[in-house]
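Reader: Let's go through the salt bridges here. Please show the model.

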Amino acid sequence: MIIFRYLSRQIILSTLAVSTVLTLLIVSGRFVKYLSFAAAGEMSPEFVFQSVAYRIPGMLVLILPLGLFLGVLLAYGRMYLESEMVVLNASGVSGKRLTMFALGPAVGVALVVTLLSLYVSPISWQQIEIAYAKQSERSELDSLTPGRFQRLGKGSNRTTYINGVQEDGKALDFIFVAERDSQSDELRVVLAESGRQVITDPKSGDRFVVLKNGYRYEGVPGQADYQQVKYAEYGFLMPQPNANLRPPEIEAMTLSELLNHSEPRYQAELHWRISMPLLALIVTLIAVPMSKTNPRQGRYAKLIPSILLYMLYLTLLTSAKGTIDDGKASVALLWLVHAGFFLIAISLMFAGGVWEKLLNALPSIPKRGDA
């Protein structure tokens with residue numbers, strides 16, 4: 001039990017460290033992508049944070065098995081390099097016993113992946129759909145940032161500026177709107193001291209913007225032929241927000257909902273979720289023999305071949321899921337990929353000498369100080 005606790009602690013610490021780094025890298029990349037939309041006024045800041053936060057459980061379904069795989073490689077590789085494994089082998093701890101010790105943390109990670117894949121991730125996707133619906137219901141004025149000139153929407157010719165917002169976005173201070181007609185090249189400019197959003201019919205969602213005390217200019221730039229209108233009150237209808245920009249994601253469906261559908265894409269999603277915990281167990285069986293290194297080769301000698309093998313595993317799984325989605329294969333293809341790599345793991349455990357000769361023939365990463 002002392003050896004098991006020691007090895008488990010080393011694997012868990014390495015897994016947590018690797019998973020944390022990978023999560024931060026992926027989340028930061030997604031966050032930067034969404035920030036560009038928020039800066040353009042296409043997304044609210046609240047939606048950016050919600051969208052990134054609710055996607056984390058789905059990310060962890062794939063990050064945790066990779067973190068576990070690298071955690072076992074790093075933890076056992078360090079022990080081989082520092083001759084701790086030599087002491088354990090001399091004490092009667094065989095390679096099969098090391099594999100059983102590693103399966104302890106792997107079962108814990110597999111249980112966490114099961115919880116995330118089957119329950120937490122679908123709930124998070126449902127929250128994303130709710131946040132997306134609220135974002136889609138926002139009008140153009142709700143996306144404006146005070147003190148900035150903004151061009152909202154892709155291909156829009158309208159530039160809007162507001163000086164301030166009051167009453168939760170219903171009252172606006174000093175409004176400037178400039179819009180150019182792409183066909184006649186006519187420029188329309190509207191200025192107003194203040195404005196207000198008015199919802200005339202809550203059921204239909206019709207919104208009017210009522211501007212007060214301002215001017216409206218129409219004409220072609222560079223020509224003296226233009227119109228100027230001074231108004232005390234001027235209103236216009238805002239375009240209806242599109243609340244159904246995309247269909248509900250299949251990832252938001254619960255396990256019971258997927259069981260009630262027999263279509264290939266639903267079955268592919270169902271078996272993908274069920275098989276994810278198996279991924280964590282199989283990669284652990286692969287990582288234990290792959291972590292065995294010669295001190296002369298360096299700690300990271302087998303890291304690149306191991307990562308390539310993992311990427312091949314994940315790529316084949318993703319390709320199999322896509323093939324099932326298209327209806328070109330049955331769900332058995334997904335399980336055949338798992339079975340194939342399980343056989344590879346068994347061969348690494350019981351025929352490690354053959355694989356050892358093959359890996360030793362590969363060029364290794366030179367250690368620091370080598371010529």
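Author: Helices (H or I, at least four residues) and strands (E, at least two) are DSSP runs, numbered from the N terminus. This is a predicted model: local features need pLDDT of at least 70, side-chain atom pairs count only at pLDDT 80 or more, and totals for chains, interfaces and linings use all residues. Residues are numbered from 1 along each chain as its sequence is written, and side-chain values use heavy atoms, with hydrogens and water left out.

Reader: How many salt bridges does a search of the whole structure find?

Author: A salt bridge puts a side-chain nitrogen of Lys or Arg within 4 Å of a carboxyl oxygen of Asp or Glu. Searching the whole structure gives a total of 5.

Reader: Which helix holds both Arg 273 and Glu 269?

Author: These two form a salt bridge, with the closest N and O atoms 3.0 Å apart. Both are buried, meaning under 20% relative accessible area (exposed is over 50%, partly exposed in between; 1.4 Å probe, protein chains only). They sit 4 residues apart, about one turn, in helix α6 (residues 264-290).

Reader: How many residues apart in sequence are the parts that Glu 269 and Lys 321 tie together?

Author: Glu 269 also forms a salt bridge with Lys 321, closest N to O 3.6 Å. Glu 269 lies in helix α6 and Lys 321 in helix α7 (residues 303-325), so the pair joins parts whose sequence separation is 52 residues.

Reader: What is the relative accessible area of Glu 218?

Author: The Glu 218 side chain meets that of Arg 216 in a salt bridge (2.4 Å, N to O). Glu 218 is buried, its relative accessible area being 19%.
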